[in-house]
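Trainee: I keep running into labels in descriptions of protein models, and I'd like to know what earns each one. Can we go through a few together?

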Amino acid sequence: MQQSKEQRVHGVFEKIYGNYDKMNSVISFQQHKKWRKETMKHMSVEPGSKALDVCCGTADWTLAIAEEVGETGEVKGLDFSQNMLSIGEEKVRDSRFDNIELIHGNAMELPFEDDTFDYVTIGFGLRNVPDYLHVLKEMNRVLKPGGMAVCLETSQPTMPVFKQMYYGYFRFIMPIFGKLFAKSFNEYSWLQESARDFPGMKELATMFGEAGFKDVHVKPFSGGVAAMHSGKK
């Protein structure tokens, strides 16, 4: 019986959790940290804010946001992979932050009231959900009026030659890296498929509008291999 996308993705992350952070650095050549730092600059998180990090994985972005909101703020991280969350929980315990709560849950049905958060983020997770627009609408729902939603995700380069090189890298090289460094060829083959099929920058910006966001802002990184999208409620 064929698995649904949700079941397949869940299986992937339940298996690769132990090497996830290392592989992010290998696959992006450490650039994902720079992209997140630039995204955080754009967000200009206010101290005392309440934030939600959707598909938080091993909680790196959750921890970065916790530092910005400070002791008077609050951050919740949500992910549907308990194994990924277990790594995040270790990081939170080892950190100096006591304003973080990690929750096992589904991005398709966020377990929060309307108008709860000042910021809602999703980093390299939107491409793995069953319905991109539905998750964006859920993010909009739980945002306070005036709040900001931010998505940092792989994207689709548009420059000729570079575009072909990018797709070749994702299709052939990334799964080999997965086999060499994480013993997970099939799982990283799936992840390259999800990145390849993800909407381009303009299409995703349109989805932000369809989800109800205003003042949609797009910032490409590294020739368009990744991009930040933000919008206000």
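Trainee: Why is P220 called partly exposed?
Mentor: In this predicted model, P220 has a relative accessible area of 46%. Buried means under 20% and exposed means over 50%, so with 46% P220 falls in between and counts as partly exposed.

Trainee: Where is P220, and what does P220 touch?
Mentor: P220 has its place in strand β6. Leaving out residues up to four places away in sequence, P220 touches M201, A226 and A227. The C-alpha atoms of P220 and P157 are 9.0 Å apart, with their positions 63 residues apart along the chain.

Trainee: What makes β6 an edge strand?
Mentor: Look at the order of the open, seven-stranded sheet: β3-β2-β1-β4-β5-β7-β6, with mixed pairing. β6 (214–221) and β3 (100–104) each have a single partner strand, so one side of each is left without a neighbour in the sheet. On average, neighbouring strands here are turned by 15 degrees against each other, ignoring direction.

Trainee: How do you know that β1 and β2 pair?
Mentor: Two strands pair if there are at least two bridges between them. β1 (residues 50–54) and β2 (residues 74–79) have five bridges, in the parallel sense, so they qualify. As for individual residues, D53 has G77 in β2 as its bridge partner, and K50 stands opposite E74 in β2.

Trainee: And why is β2 described as largely enclosed?
Mentor: Five of the six residues of β2 are buried, so the rest of the structure largely encloses this strand.

Trainee: Now the helices. Why is α6 called oblique to α9?
Mentor: Helix α6 (residues 132–142) and helix α9 (residues 201–210) pack at about 45 degrees, with axes 9 Å apart. Under 35 degrees would be roughly parallel, and 65 to 115 roughly perpendicular. An angle of about 45 degrees is in neither range, so α6 is oblique to α9. Their crossing is right-handed.

Trainee: Which residues meet there?
Mentor: On the α6 side they are Y132, L133, L136 and K137, and they meet L204, M207, F208 and E210 in α9. Sorted by class, this contact has six nonpolar residues, two charged ones and no polar ones.

Terms used:
Residues are numbered from 1 along each chain as its sequence is written. This is a predicted model: local features need pLDDT of at least 70, side-chain atom pairs count only at pLDDT 80 or more; totals for chains, interfaces and linings use all residues. Side-chain values use heavy atoms; hydrogens and water are left out. Axes are lines fitted to C-alpha atoms, for helices over the stretch in contact, and angles run from 0 to 180 degrees between N-to-C directions. Helices (H or I, at least four residues) and strands (E, at least two) are DSSP runs, numbered from the N terminus. Angles under 35 degrees count as roughly parallel, over 145 as roughly antiparallel, 65 to 115 as roughly perpendicular and the rest as oblique. A crossing is left-handed if the near helix is turned anticlockwise from the far one by less than a right angle, and right-handed if clockwise. Contact means heavy atoms within 4.5 Å. Ala, Val, Leu, Ile, Met, Phe, Trp, Tyr, Cys and Pro count as nonpolar, Asp, Glu, Lys and Arg as charged, and the others, Gly among them, as polar. Buried means under 20% relative accessible area, exposed over 50%, partly exposed in between (1.4 Å probe, protein chains only).
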